[in-house]
Every structure is written in structure tokens, then in C-alpha cells.
Amino acid sequence: MVSDLVLTSEITCPHCGHIRQETMPTNACQFFYECQGCHKLLKPLPGDCCVFCSYGTVKCPQCNSGSVHSSGFDSSDSSRHSTEGMPRPAEVE
Ligand SMILES: [Zn+2]
């Protein structure tokens, strides 16, 4: 049980500099984010798991909790089924 997790992050658009406070989902990473200023689709930078890690003031709950969601998962397996881009929440305690 996590108590003081920050679930709001201010995303700064790299294109127009528009800042908007967004609420982060706790069970998944948000990969795409549409800027409300210029309506461009933001994607995470290489090495980041979601747009909050790349452009937000607060990293996503998955990164905050310190657990990597892809741990124990072989990437070669997920490459076969590319229909689902969302990382499934593994065993939650
Ligand atoms: Zn923008």
C-alpha cells in the first residue's frame, strides 16, 4: 500500500512550452499525450517509459515506486503481439 504517491504532474510541451497539470494513471504508463496547446502528440523520450517521465515534473507511479514493470518479462515475447501497446500490470501486492 502506497500512501504519499504523487499522482499529479505538470507536463511541459517540448514544442510550444505549454504547461498543463495532468493526473497520472496508477496502474499503467501513459505513452501518448496530446498537448492542449499545440495539439501535437507527445511520445516518451528514448529510455523513458511514459510521457510523464520525459516531460512531467513528477515521474510516473511505476518509476516512483522503484519497480520496473518489465522485470522478468522477455521483450522478444511482446514483439510478436503488437496489437496491445499497454504494459499489463503485473502482480500487484
Ligand atoms: Zn504543445
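**Contacts, core and confidence in a predicted model**

A good place to enter this structure is Cys35. Setting aside residues within four places of it in sequence, Cys35 is in contact with Cys13, His15, Cys16, His18, Lys40 and Leu42. The structure is a predicted model, and the residues just named serve here as a way into the rest of the chain.

The chain contains three helices and four strands. Followed along the sequence, these elements come in the pattern β-β-β-β-α-α-α. The chain has 93 residues, of which 19% count as buried. Among contacts with a separation of 6 or more, 33% are made by residues 24 or more positions apart.

The description can start with the strands. Strand 1 covers residues 8–12, and strand 2 covers residues 19–23. The two run antiparallel and are joined by five bridges. Two of the pairings can be picked out by name: Ile11 stands opposite Arg20, and Thr12 has Ile19 as its bridge partner. Together, strand 1 and strand 2 form a hairpin, with six residues between them. In the turn of this hairpin, Gly17 has a positive phi of about 80°. Strand 1 also has two distinct faces: Ser9 and Ile11 lie on the covered face, while Thr8, Glu10 and Thr12 lie on the uncovered one.

The loop between strand 3 and strand 4 holds two residues that deserve a closer look. One of them is Gly37. With 13 other C-beta atoms within 10 Å, Gly37 is partly exposed, because this count falls between the limits for exposed (12 or fewer) and buried (20 or more). Neighbours within four places aside, Gly37 is in contact with Cys13, Cys16 and His18; these three residues also appear among the contacts of Cys35. Gly37 and Cys16 are 21 residues apart in sequence, yet their C-alpha atoms are 7.0 Å apart in space.

His39 is also in this loop, which runs between strand 3 (33–34) and strand 4 (41–42). His39 counts as exposed because it has 11 C-beta neighbours inside 10 Å. The backbone of His39 is worth a pause as well. Most residues other than glycine have a negative phi. In His39, however, phi is near 60°, a positive value in a residue other than glycine.

Attention now turns to the interior. The largest nonpolar core has 12 residues in all: Ile11, Met24, Cys29, Tyr33, Cys35, Leu42, Cys50, Val51, Phe52, Cys53, Tyr55 and Cys60. Helix 1 gives the largest share of this core, four residues. Two familiar names are in the list, Cys35 and Ile11; Ile11 is also on the covered face of strand 1.

Two further members of the core, Cys53 and Cys60, can be followed in detail. Cys53 sits in helix 1 (residues 51–55). Cys53 is buried because it has 20 other C-beta atoms within 10 Å, and 20 or more is the mark for a buried residue. Not counting residues up to four places away in sequence, Cys53 touches Pro44, Asp48, Lys59, Cys60 and Cys63. For Cys53 and Cys63, the separation is 10 residues in sequence and 8.0 Å in space, C-alpha to C-alpha.

Cys60 lies in the loop between helix 1 and helix 2 (61–64). Cys60 is buried, with 25 other C-beta atoms within 10 Å. Beyond its neighbours within four places in sequence, Cys60 is in contact with Met24, Cys29, Cys49, Cys50, Phe52 and Cys53. One of these partners, Cys29, is 31 residues away from Cys60 in sequence and 7.0 Å away in space, C-alpha to C-alpha.

How confident is the prediction, and where is it least so? The average pLDDT of the chain is 78, and 67% of the residues score at least 70. Confidence is highest in strand 4, at 97, and lowest in helix 3 (residues 75–78), at a mean of 46. Over residues 71–83 the pLDDT is below 50, and this stretch has zero contacts in the model beyond near neighbours in sequence.

How values were computed: Residues numbered from 1 in each chain as written. Predicted model: local features only at pLDDT ≥ 70, side-chain atom pairs only at ≥ 80, totals over all residues. Contact = placed C-beta atoms within 7 Å. Pairing = 2+ DSSP bridges. Core = buried A, V, L, I, M, F, W, Y, C linked by C-beta atoms within 7 Å. pLDDT = per-residue confidence, 0-100.
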